[in-house]
Amino acid sequence: MSGTRVSAPERNPAMGRAVANILKGSAGNLIEWFDLYVYASFSSYFATSFFSSKDPVQAQIDAYLTFALTFLMRPVGSWFFGRYADRKGRRAALTLSVSLMGLGSLIVAVLPTVAQIGAAATIIMYASRLLQGFSVGGEYGTSATYMSEAAVSGKRGFFSSFQYVTLVGGQVLALLTLVILQQTLGEDALKEWGWRIPFFIGAVAALLVLWLRRTMDETITSEQRQATRAEGAQPGTLKLLFTKHWKQFLVVVFFTMGGTCAFYLYTTYILSYMNNVSHIPKAQTSVINFWALLLFMLIQPLFGLLSDRVGRRTLLIVFGVLGTLLTWPIMSTLATVKDPFLAFLLMFAALLIVVNYTSVNAIMKAELFPSSIRALGVGLGYAVANSLFGGTTPLIGEWLSAQGHKEWLFTYVTITIALSLVVYIFFLPKDRPEDLD
């Protein structure tokens with residue numbers, strides 16, 4: 001037995017290479033989500049420059065509508081990039097997606113206003129956001145697939161959890177950028193030109209990630225792609241997905257449904273909820289959100305590591321049970337809280353439940369598919385669920401609250417989590433594979 005052991009020095013190069021590839025694969029997520037939340041965070045400063053200059057309220061509504069368009073483009077991006085990644089390789093797809101994202105950021109950073117070029121400014125703004133949604137749709141499934149395949153066997157939960165480290169990290173950095181610019185530039189300068197700064201940052205950061213990704217190792221071989229073709233199927237096609245892997249696709253959609261609703265409830269809508277229902281001042285909710293999301297980001301790898309020991313399915317069931325039982329109590333209690341620290345504790349308690357989903361969902365989905373269809377299956381299933389359920393959660397919450405039925409949102413999210421719990425218990429494999437094919 002001693003002759004078969006691998007010494008620490010021999011193991012370290014493989015581990016080092018895995019770490020390097022994971023960092024390169026996940027860095028794009030950080031920039032993609034930074035760009036997405038920079039738009040949402042800074043829209044109040046530039047809305048009247050590109051939409052209705054005479055009606056600030058309508059301008060803000062139009063800005064949010066543009067934001068919503070990104071969710072409609074995600075399934076399209078997931079289909080395109082999933083197909084591309086399964087046919088041409090993960091590295092090629094990830095390089096292209098971050099290039100398009102950088103282009104979208106640069107367009108907004110230099111875009112003239114309506115006062116300068118008329119309605120063309122509004123049209124170009126819409127186009128830039130459609131491009132951003134397209135690239136984000138491709139980023140999630142492909143990066144989730146790449147990180148799962150690049151990770152060291154036995155530690156895939158730990159390594160793949162870094163996808164949500166960077167995803168949440170993008171939100172944290174966008175919020176931190178907003179706070180810094182608010183403190184250093186002031187309202188007038190931000191509205192006139194300062195809002196362009198974070199989009200320039202996003203474009204430059206995308207170039208850096210593009211350079212990093214050019215040196216990534218490829219995780220799918222030409223032999224694997226040829227083997228799929230030899231079986232009479234083209235890798236990464238909808239035909240292959242819906243004829244041979246449609247059950248796994250449906251599992252991913254309903255698997256994601258509850259998790260994405262909870263994620264957007266507790267990371268996005270909760271800000272408006274604290275302001276309008278709890279009546280906590282905006283300056284305090286920004287601080288609450290920053291620290292809660294920062295801690296949420298940092299604990300992702302701990303739960304990913306835990307999943308390598310106790311299993312992904314176990315963590316998902318914990319999320320499903322606690323989410324079903326505690327969504328209503330947490331949100332209804334938060335409605336009566338005025339103290340910022342208590343509000344922070346409630347938000348972080350909710351995120352401690354959600355982390356059981358976010359830390360493992362990418363790797364669990366990747367383990368459902370073979371390499372020939374993995375990027376498309378993971379990405380498209382996630383994008384469909386995200387567009388139908390997660391992305392609409394803040395909108396549904398705002399509408400129900402305006403109608404005097406804020407509690408109905410708690411019921412809606414609880415039901416989606418409960419339905420996902422059924423999937424976790426009855427439709428996920430009890431044993432995870434040792435290696436991905």
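These legends describe close-up views of a predicted model.

**View 1. Helix 7 has the length its residue count calls for.**
Helix 7 covers residues 162-184, a run of 23 residues. At 1.5 Å a residue, the expected span is 33 Å. The C-alpha atoms at its ends are 32 Å apart, which agrees. Gly 186 follows the helix. The phi of Gly 186 is positive, near 90°.

**View 2. Gln 163 is a buried residue of helix 7.**
Gln 163 has a relative accessible area of 0%, so it counts as buried. What lies around Gln 163, beyond its neighbours within four places in sequence? Its contacts there are Asn 29, Tyr 140, Ser 143, Ala 144, Met 147 and Ala 362. With Ser 143 there is also a polar contact, side chain to side chain, at 2.8 Å. Gly 28 is 135 residues away from Gln 163 in sequence. In space, the two are 9.5 Å apart, C-alpha to C-alpha.

**View 3. Phe 242 and Phe 249 form an edge-to-face pair.**
The model has 31 aromatic pairs. One of them joins Phe 242 and Phe 249. Their ring centres are 5.1 Å apart, with 85° between the planes. Planes over 60 degrees apart count as edge-to-face, so this pair fits that class. Are these two residues buried or partly exposed? Phe 242 is partly exposed, because its relative accessibility is 39%. Phe 249 is buried, with a relative accessible area of 8%.

**View 4. Five aromatic residues form one cluster.**
The members are Tyr 39, Phe 46, Phe 50, Trp 195 and Phe 199.

**View 5. An arginine sits over a ring.**
The ring belongs to Phe 71, and the arginine is Arg 74. The charged end of Arg 74 is 4.1 Å from the ring centre.

**View 6. Helix 14 bends at Leu 326.**
This helix covers residues 312-334. Where is the bend, and which proline follows within four residues? The helix turns by about 50° at Leu 326, and Pro 329 comes after.

**View 7. Helix 14 packs against other helices through its buried residues.**
Buried residues of helix 14 include Arg 312, Arg 313, Leu 316, Phe 319, Gly 320, Gly 323, Thr 327, Ile 330, Met 331 and Leu 334. An α-helix has 3.6 residues a turn, so residues three or four places apart point the same way. The packing partners of helix 14 are helix 6 (156-160), helix 12 (246-276), helix 13 (282-310), helix 15 (340-358), helix 16 (361-366) and helix 19 (406-426).

Methods
Residues numbered from 1 in each chain as written. Predicted model: local features only at pLDDT ≥ 70, side-chain atom pairs only at ≥ 80, totals over all residues. Heavy atoms only, no water. Helix = DSSP H or I, 4+ residues; strand = E, 2+ residues; numbered from the N terminus. Expected span 1.5 Å × (residues − 1). Phe/Tyr/Trp six-rings, centres within 6.5 Å; stacked < 30°, edge-to-face > 60°. Buried < 20%, exposed > 50% of the residue type's maximum accessible area, 1.4 Å probe, protein only. Lys NZ or Arg CZ within 6 Å of the ring centre and 35° of its normal. Contact = heavy atoms within 4.5 Å. Polar contact = N/O pair within 3.5 Å; in protein donor to acceptor, adjacent residues only side chain to side chain. Bend = angle between axes of the 7 residues up to and from the residue.
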